[in-house]
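Open the structure in a viewer and keep the sequence panel visible. The tour below goes from selection to selection and says what is found at each stop.

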Amino acid sequence: MNALQLDKGASHHSAYDLRVPSERSETHTITVLVDNEAGVLARVVGLFSGRGYNIESLTVAEVDHTGHRSLITIVTRGNPSVIEQIRAQLERIVPVHEVHDLTVDGDSVERELALLKVRGTGSQRVEALRLADIFRAKVVDSTLESFVFEITGTTEKIDKFAELMRPLELVEIARTGVVGISRGL
């Protein structure tokens, strides 16, 4: 370690240099209410890429048609210092109205949607349908050789369902990314 207490090879341009050895990396879900106008998403994503932050999941949708506002939901990892830095920098972007870290602001509900295409005939079809029933996945398309399942739930639930479908010839998966909202009023 040098005089600045940075690990060798760490970039002095990255917020990851704020890491404290005793702090461990955590996953956080951050929601950002923004004006729905051109370039806003690019500015938010640019903040992350320009500082070396990683985005694990990103969803965006207009939530107020009359007010032209969109909600960006970002799942990222970092130690508490990095997460606080992300939140502070997001709040400084001009078209940002609100920033909430659902992970620390209290109880929240988070969900993800996935579509999984599974090849199957005979006993594999029966097993795929049985597992889908257990996970409350819906069949949204079916051919003689395959199914497309729709499943919503936590990221962990979707990961587990996909893991069980792999031996049954999981062909393709599409995921929306996490959306979240705080509980209560």
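**The β2–β3 hairpin**

Begin at His68, which has a positive phi near 50° in the hairpin of β2 and β3, where four residues lie between the strands. The model is a predicted one. Now select residues 55-64 and 69-78, which are strands β2 and β3; they pair in the antiparallel sense over eight bridges. To check the register, pick Ala61, whose bridge partner in β3 is Leu71.

**The whole chain**

Zoom out and colour by secondary structure. The protein has four helices and nine strands, and their order along the sequence is β-α-β-β-α-β-β-α-β-β-α-β-β. Of the 185 residues, 35% are buried. Among contacts with a separation of 6 or more, 71% are between residues 24 or more positions apart. About 11100 Å² of the protein is exposed, and carbon and sulfur atoms supply 52% of that area.

**Thr31 in β1**

Select Thr31, in strand β1 (residues 26-35). Is Thr31 buried or exposed? Thr31 has a relative accessible area of 6% and is buried, because the cut-off for buried is under 20%. Show its surroundings: beyond neighbours within four places in sequence, Thr31 is in contact with Leu71, Ile72, Thr73, Glu98, Val99, His100, Leu102 and Gly180. Leu71 is also the bridge partner of Ala61.

**A nonpolar patch**

Switch to a surface view and select Leu41, Leu58 and Val60. These residues form a nonpolar surface patch, with about 210 Å² of accessible area together. Leu41 belongs to helix α1 (residues 40-51) and is partly exposed, at 36% relative accessibility.

**Helix α4**

Next, select residues 155-165, helix α4, and show side chains for its buried residues: Ile158, Phe161, Ala162 and Met165. Looking down the axis of α4, these buried residues fall within an arc of 100°, so they line one face of the helix. An α-helix has 3.6 residues a turn, so residues three or four places apart point the same way. What do the buried residues of α4 pack against? They pack against β5 (108-119), α3 (123-134), β7 and β8 (170-175).

**Ser146 in β7**

Stay with β7, residues 146-153, and pick Ser146. Ser146 is buried, with 15% relative accessibility. Leaving out residues up to four places away in sequence, Ser146 touches Val118, Arg119, Gly120, Arg125 and Asp141.

**Salt bridges**

The structure holds eleven salt bridges; a few are worth a stop.

- Glu112 and Arg175: the closest N and O atoms are 2.9 Å apart. This pair links distant parts of the chain, with Glu112 in strand β5 and Arg175 in strand β8, 63 residues apart. Glu112 is buried at 6% relative accessible area, whereas Arg175 is partly exposed at 34%.
- Arg119 and Glu169: the closest N and O atoms are 3.2 Å apart. Here strand β5, which holds Arg119, is linked to the loop between α4 and β8, which holds Glu169, 50 residues apart. Arg119 is partly exposed at 43% relative accessibility, and Glu169 is partly exposed at 34%.
- Asp159 and Arg175: the N to O distance is 2.7 Å. Asp159 is in helix α4 and Arg175 in strand β8, so the pair ties together parts 16 residues apart in sequence. Asp159 is partly exposed, at 36% relative accessibility.

For the last stop, select Arg87, Glu91 and Asp105, which are joined into one network by salt bridges that share partners.

Terms used: Residues numbered from 1 in each chain as written. Predicted model: local features only at pLDDT ≥ 70, side-chain atom pairs only at ≥ 80, totals over all residues. Heavy atoms only, no water. Helix = DSSP H or I, 4+ residues; strand = E, 2+ residues; numbered from the N terminus. Buried < 20%, exposed > 50% of the residue type's maximum accessible area, 1.4 Å probe, protein only. Contact = heavy atoms within 4.5 Å. Areas by Shrake-Rupley, 256 points an atom, 1.4 Å probe, with all protein chains shown as cover. Arc of directions from axis to C-beta. Pairing = 2+ DSSP bridges. Patch = residues over 30% accessible without salt bridge, like charges linked within 9 Å, V, L, I, M, F, W, Y side chains within 5 Å. Salt bridge = Lys/Arg side-chain N within 4 Å of Asp/Glu carboxyl O.
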